[in-house]
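Biologist: I would like a close look at one part of this protein, namely the charged pairing between side chains, and then at the nonpolar interior.

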Amino acid sequence: MVFSALASKRKHPHPALMLLVMALLCTLNQAWASVDITNRQFDFQITQQVSYLEDIDNQYAPKDFLNPELQQQFTPARTPVLRMGYTGSTLWLRLQIRSHLNSSSIALLYVNQPNIGVLKAYKVHRNSLSLVEAAGNQVDGVHGNVRHKAPVIQLAIEPGTNNDFLLQVQSEQYMTFALNLASPATFYQSQFAEQLLTGIAIGITLGLFIYGVVGFIKHREPNYTNFAAYALAIAIYMATSLGFLGYYWLPVPGLNTRLEALAIILLSAAAMVRTNA
């Protein structure tokens with residue numbers, strides 16, 4: 001009777017255990033969430049569709065992630081923006097893209113700010129990895145195949161199958177970013193509109209700088225000099241922080257980081273002078 005009672009209990013798992021199993025399955029599905037491409041024109045914010053692993057000691061190489069045990073250590077990103085702060089760690093990301101189109105296509109993986117020093121993409125094959133492309137202000141040449149004000153990686157997407165990628169992210173600055181995936185046409189259209197607005201803003205600031213210079217020439221008043229210096233510092237900071245100066249223009253490894261630090265110093269100094277004037 002005792003054994004039959006025990007056997008009867010085994011046939012009916014505890015409800016709490018069933019809930020735990022279902023929660024684990026949901027977590028596993030989130031870790032393998034894929035980006036689905038169903039149209040030729042697209043622009044997705046995909047940070048929530050990736051899983052990540054922070055390599056604090058920078059001990060892993062790309063080939064290490066072929067190990068299934070290491071793959072299980074990835075955590076699903078549940079936020080539209082990854083905020084790792086100031087860190088020297090390497091961040092590894094897993095991204096899966098599935099195309100429902102009839103033919104192969106090109107997708108552009110990008111971030112909006114130049115603070116990412118290294119963005120590398122590896123295509124995951126059955127038993128190997130291959131480097132697709134690298135971009136960032138710590139990479140030789142800075143740009144990949146696409147010249148832009150922030151890192152852009154060009155991915156070839158095969159139709160009707162899962163395209164798995166391993167991403168390597170490093171930064172000399174704050175590691176805060178959002179990942180985006182877009183078709184080339186949509187990418188250039190949206191970036192043109194953004195750069196137009198940025199150009200207008202920087203143009204207005206440079207106009208204020210010229211106004212200050214002309215005012216000093218005409219009136220010999222020191223306040224005009226302070227005004228011009230403050231406007232110029234703002235313009236330099238905008239151009240560096242948005243990735244134009246030292247990245248899009250003058251693409252030299254590490255230059256954008258140094259210019260942004262210099263711009264912050266100039267901006268602070270100009271603000272102090274204007275306050276004391």
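How many salt bridges does the count come to?

Modeller: This is a predicted model, in which local features need pLDDT of at least 70 and side-chain atom pairs count only at pLDDT 80 or more, whereas totals for chains, interfaces and linings use all residues. Residues are numbered from 1 along each chain as its sequence is written, and side-chain values use heavy atoms, with hydrogens and water left out.

The count comes to 1 salt bridge, meaning a side-chain nitrogen of Lys or Arg within 4 Å of a carboxyl oxygen of Asp or Glu. The partners are Glu194 and Lys149, whose closest N and O atoms are 3.1 Å apart. Glu194 lies in helix α4 (residues 184-219) and Lys149 in the loop between β9 (129-135) and β10 (152-157), so the pair ties together parts that are 45 residues apart in sequence; helices (H or I, at least four residues) and strands (E, at least two) are DSSP runs, numbered from the N terminus. Lys149 is buried, at 2% relative accessibility, while Glu194 is partly exposed, with a relative accessible area of 29%; buried means under 20% relative accessible area, exposed over 50%, and partly exposed in between (1.4 Å probe, protein chains only).

As for the interior, the largest nonpolar core (buried Ala, Val, Leu, Ile, Met, Phe, Trp, Tyr and Cys residues joined through side-chain atoms within 4.5 Å) has 30 residues, and Phe177 and Leu181 have the most contacts inside it. Strand β6 gives the most to this core, with 4 residues. Apart from this core lies another, of 7 residues, including Trp92 and Tyr122.
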